[in-house]
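Dear colleague,

I am passing a structure on to you, and below it you will find a description of what came out of it. Please read the text with the structure open beside you.

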Amino acid sequence: MLQLKPEEACGFDNITNDMLRHIPHNMVPIITDLLEYSWESGAIPKCWKHAIIQPIPKKAAATNPADFRPISLLPCFANSWNELLTVKLTKHVQLHSILTPNQYGFRSKTSTSNALLAFVNSVHKHIYTTNVNAGSTAVLIDLKAAYDSVCRFTLIRKLQKERIPAQIVKWTASLLSTRTANTRTVLADGSSQHSSTLNFDRGVPQGSSISPILFNIYINDISKQSTR
Amino acid sequence: MNTDNPNEPTIEHILYADDIIIWVNHTNPALAQQRLQSALDTIAMQLIHDELRANVLKMSIHWFTFNNQTYGINSNTQ
C-alpha cells in the first residue's frame, strides 16, 4: 500500500491512493482477508470492474469527439490488486520464457530503442555486408483498437495453453467478465455529467496494469506463426 | 524466420504492443516479395483467428537500399 502513487486519479468510489496509504492499522487484517478470499475463490468484486471513462481534450477549445483522448479510471483498490497479479503473472511468463524475444513492448529491460535497434541493425548489416544489389523491404502494421478487440474466450484459452497457473487464469477470467463503465463529462461550470452504464463483453481493461502482459500473451502467436 | 538456405531472403519481424514490423532482407526483389507476401498471409490468418484488425490507414511499406535512399509508401497516399 505504501508503494501506491498518491497523485493517481481515483475511480467511481472516490477512494484515492492517498487514503489507502493512510489506512488505519486495524483495517489491514480485514483487507488482507478480503484479498485472500478474492485470490482463493478467483472472484473479483463487481465494483472493482467498473471504470469511469473521462475524455481528456487533446487541444484547447476541443469540440469534436476526435479531439478527446478517453482515459479509463478504475478504483484505486482494484488497481493495487491488479498490480500484485501483474507481478505474479509477469514472473511466471519470464520464468518460463513464454514470450518470444521478438516482443519488445511492456517488458522489463526493453524499450522502443531496443526494438528500433534490432530493426535498424538487421537492415544495416544486410545492406552493408552483402553487395550493391542488397535491399530491405519493411511493412509496418498497426492494429486497430487492439486492446478493445481482444476476444476474452480466446485469451483464456491461450493462457491455459501456455500453462499459466490455474488460479491466475481463473482470476483473469473473473477480471474480464461483466465489465462496466460510465463516461464522465466535466462541464464548463465545473459540474460533471455521467452517461448511462455500458457493458463490455470484449477487450482487456484499459487503464489496468495487467492488460499489457495479457495482450502480449494474446499476440504471441503472431510471432510464433511467423517464425515457422 | 531465418531460413537455412543462404539464397532465400531472410524474413524478420518485431512486435511492440499493437505494432508489428515485418521486413525482408534481399538481393532478389522478386523472391523477397514472394517471401514477404507469404509471411503477411500468415500474419493475416492469425489476426483473423484472434479477431484483431490492422489499421489500413496507418500501414506503410518502406524500401531501404544501398545508396541510403529510403522510399516510404503510406496507404494514405495511395
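A good place to begin is A:Leu140, whose bridge partner in strand S2 of chain B is B:Ile21. Strands here are DSSP runs of E with at least two residues, helices are DSSP runs of H or I with at least four residues, and both are numbered from the N terminus.

Before going further, some ground rules. This is a predicted model, in which local features need pLDDT of at least 70 and side-chain atom pairs count only at pLDDT 80 or more, while totals for chains, interfaces and linings use all residues. Residues are numbered from 1 along each chain as its sequence is written, chains are lettered from A and ligands numbered from 1 in the order in which they are written, and side-chain values use heavy atoms, with hydrogens and water left out.

The strand pairing between the chains

Strand S3 of chain A pairs with S2(B), residues 19-26, in the antiparallel sense over eight bridges, where pairing requires that DSSP finds at least two bridges between two strands. S3(A), residues 135-144, also runs antiparallel to S4(B), to which six bridges join it. In that second pairing, A:Leu140 has B:Ser60 as its bridge partner, A:Ala138 has B:His62, and A:Ser136 stands opposite B:Phe64. A further antiparallel pairing, over two bridges, links S3(A) with S3(B), and there A:Leu143 stands opposite B:Ala54.

How enclosed is S3(A)? Eight of its 10 residues are buried, so S3(A) is largely enclosed by the rest of the structure; buried means under 20% relative accessible area, exposed means over 50%, and partly exposed lies in between, with a 1.4 Å probe and protein chains only. On the other side of the pairing, S4(B), residues 60-65, has a covered face formed by B:Ser60, B:His62 and B:Phe64, and an uncovered face formed by B:Ile61, B:Trp63 and B:Thr65.

The contact as a whole

The contact takes 47 residues from chain A and 40 residues from chain B, contact meaning heavy atoms within 4.5 Å. Between them the two chains bury about 4,600 Å², of which 61% is on carbon and sulfur atoms; buried area is the accessible area, with a 1.4 Å probe, that two parts lose on being put together, summed over both. Of the area that chain A buries against chain B, A:Thr137, A:Ile141 and A:Asp142 supply 17%, more than any other three residues.

There are 23 residue pairs in polar contact between chain A and chain B, both residues being at pLDDT 80 or more. A polar contact is a pair of N or O atoms within 3.5 Å; within protein, one must be able to donate a hydrogen and the other to accept it, and residues adjacent in sequence count only if both atoms are side-chain atoms. The largest share of the side of chain A that touches chain B, 10 residues, comes from S3(A). That side of chain A divides into 23 nonpolar, 18 polar and six charged residues, where Ala, Val, Leu, Ile, Met, Phe, Trp, Tyr, Cys and Pro count as nonpolar, Asp, Glu, Lys and Arg as charged, and the others, Gly among them, as polar.

The count of salt bridges between the chains is two, a salt bridge being a side-chain nitrogen of Lys or Arg within 4 Å of a carboxyl oxygen of Asp or Glu. In one of them, the side chains of A:Lys158 and B:Asp50 meet at 2.8 Å, N to O.

Chain B and one of its loops

Chain B has one helix and five strands, which follow the pattern β-β-α-β-β-β along the sequence. Of the 78 residues in chain B, 35% are buried. B:Asn55 is found in the loop between S3(B), residues 53-54, and S4(B), and B:Asn55 is buried, with a relative accessible area of 14%. Leaving aside neighbours within four places in sequence, B:Asn55 is in contact with A:Asp142, A:Leu143 and A:Lys144.

A helix of chain A

Helix H7 of chain A, residues 166-176, holds A:Ser174, which counts as buried at 11% relative accessibility. Not counting residues up to four places away in sequence, A:Ser174 touches A:Gly42, A:Ala43, A:Ile44 and A:Lys49. A:Leu176 also lies in helix H7 and is buried, with a relative accessible area of 2%. The C-alpha atoms of A:Leu176 and A:Leu140 are separated by 30 Å, and the two residues are 36 apart along the chain.

With best regards
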